[in-house]
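Reader: I'm new to this one. Could you walk me through how to read it?

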Amino acid sequence: MKPMTNHIFRVASYGRRNPKSVGGLAVILFLVLFWLAGSMLISPSKAEPISGLPDQPPSWKYLLGTDSNGRQLLPVMIVGTGLTLRIGFVAGCIGVCVAIILGFLTGYYRGLLDTLIMGIVDILLTIPPLAVLVVIAAMTVEVISLNSMILIVASLSWMLPTRTIRAQVLSMRESGYVPMAKLSGMNDLEIIVRELMPNLLPYLAAGFVSATASAVLATIGLEALGLGPQSLPTLGMTIYWAISFSALLRGMWWWWLPPVIIIAALFVGLFLLTAGLDEIANPKLRRSI
Amino acid sequence: MTISYFIKRLIYFVLVVYGAATLIFILPRLASERNPIVERMGQTAAAAGILTEGVDEMQKAWEAKFGLDKPLWQQYLNYLYDVLHLDFGYSLAYFPAKVRDQIAGALPWTICLFGVATIMAFLLGSLSGALLAWPKAPKFLQYLLPFILTFSAVPYYLLGLVLLFLFAFTRHWFPLSGGYSIGVFPEFSLDFLLDVLRHSILPGIAIFLAGVGFWALQMRGLMVLGLEENYITFAEAKGLKGSRIFFRYAIRNVLLPQVTALAIALGQVISGAILVEVVFGYPGLGTLLLKAVSGFDYNLISGIVYIIILIIAVSTLIVDLIYPLLDPRITHHRGTG
């Protein structure tokens, strides 16, 4: 009993010192909760076209109104939040996994491979991700599915984490405990998994959040151009439909404002979480933001 | 030292541009078996009635015309040669128009809007960020921090939608979309310029607001670390004026990493600017890209994407070349040989 309360107390006291990551986590958990509770209370079929009358303002029957295709917008928001979170989360996972592999390959083994991979990373970082994604998305088969959307945005979310992980591995490699482990007969894999990984955890967490954030940013950007899963009511596609049906000019604020608010909340949450995790990973920053 | 730096930067520039061109060539060919000619003919057939005879011959003729019947490596070399001359062929959706002319029509709009808004955001953001970290700065600045945080986290185009609603839809202070009023003929006159300016203010503010927060936060972080350096304490001990310490000692030294950050962030900034144009219907590259995407205009898409990457590579090169001018250490090396 006692160690448990002690543990909770320690987490709480850490949270007080790092209010940013707590705030960010709270915003994201709230969105997850909105999605989970919403999908339990309201059937997702109401997010489909012609599930209600078109162009209805908010009322007791349609809480957030309907769009021109007769989708009910409250269910659309619930389903869309879930889809967008899922795309970001899975793409972030893929991005971090690729970054871990490449970061260790380049940082731990160095050599020609390091020069080559980091050269490619530098070049890809100069090229705006959206531009490349537009080319990929525009050329894929007629309807983009949820999975291909995840792969498309994940394909460019690994570069920044790769860079940070590599830099960290480079500096850890020079610290005393790695040669020590080598002398005691550990092989490379053991050193990487047992000595380096645990020290990297805060960086991995920060890298995961930043990969997720860039994946979400790319997803919504592509979808706003109409290059998303067109049959699914994601947040970005809702904005695309709202723009192409000129919801703004027709005064249908209930169509475009809710997705804007949810997306803004999601970005603020991810941003706070990134800033907070950066502070944990990089104590020098603690006073800076 | 400086010469080798220039050469390294130039090689990097060429690599980026070459890499981008190659990506644009390879990606569509990897992504699908979709043939843009067949696709286009299908659309024409749907519009003009069903063709059954001679489809194969027509396809062959078109492929020969666009060089698609040649082996892949030869297509690649031809493509590189064309791209070097900024020749992207004909637009598929607006056929007699050439891609180059369409881009040339849209480019000045994007460069002016994006250039002015970004430079202003960078300068004002850096200055306010520096002030936020400066202990003697007015206190009211601290209250701006939460707003700056929020704005910097929200993508430009979403901010654009809200601005459009507040100031163009409900208040009618600004036009709802476009780059100039309908029925006005583009010309060099004061009236036209004012009209363009009125249309550019809202999208400009959207880019500016989102950018200013980013630069302020970045600068504040750098400044907090910079103010702990010994030379600041020394300058204070010498009894220098606050403004002199602020500009000549504190800002001068953290300006370098800030300019580096500008070079790195340009790609993200322009992606956002493109979507702002879509929201505002501003007649720049973003709106053209939207048209190209919806018309499946393969040539136009790759042309626009290539030009965007070229703009970024050129601006990165410019920033890289200004960098030694800002860094006294490099100038010093040149002086002493």
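**Two helices side by side**

Author: Sure, and we'll start with a helix pair: helix H9 (residues 230-238) of chain B packs with H10(B) at an angle of about 155°, their axes 10 Å apart. This is a predicted model, where local features need pLDDT of at least 70, side-chain atom pairs count only at pLDDT 80 or more, and totals for chains, interfaces and linings use all residues. Residues are numbered from 1 along each chain as its sequence is written, while chains are lettered from A and ligands numbered from 1 in the order in which they are written.

Reader: How do I read the angle between H9(B) and H10(B)?

Author: Two packed helices are described by the angle between their axes and the distance between the axes. Here, H9(B) and H10(B) are roughly antiparallel, because angles over 145 degrees count that way.

Reader: Which residues of H9(B) and H10(B) meet?

Author: Tyr231(B), Ile232(B), Ala235(B) and Glu236(B) of H9(B) meet Ile245(B), Tyr249(B) and Ala250(B) of H10(B). Contact means C-beta atoms, placed from the backbone, within 7 Å.

Reader: Is Phe88(B) buried or exposed?

Author: A residue counts as buried if 20 or more other C-beta atoms lie within 10 Å of its own, and as exposed if 12 or fewer do. Phe88(B) has 23, so Phe88(B) is buried. You'll find Phe88(B) in the loop between helix H4 (72-84) and helix H5 (99-133) of chain B. Beyond its neighbours within four places in sequence, Phe88(B) contacts Val99(B), Arg100(B), Asn299(B), Ser302(B) and Gly303(B).

Reader: And how many residues of chain B are in contact with chain A?

Author: 49 residues of chain B are in contact with 38 residues of chain A.

Technical notes:
Two residues are in contact if their C-beta atoms, placed from the backbone, lie within 7 Å. Axes are lines fitted to C-alpha atoms, for helices over the stretch in contact, and angles run from 0 to 180 degrees between N-to-C directions. Helices (H or I, at least four residues) and strands (E, at least two) are DSSP runs, numbered from the N terminus. Angles under 35 degrees count as roughly parallel, over 145 as roughly antiparallel, 65 to 115 as roughly perpendicular and the rest as oblique.
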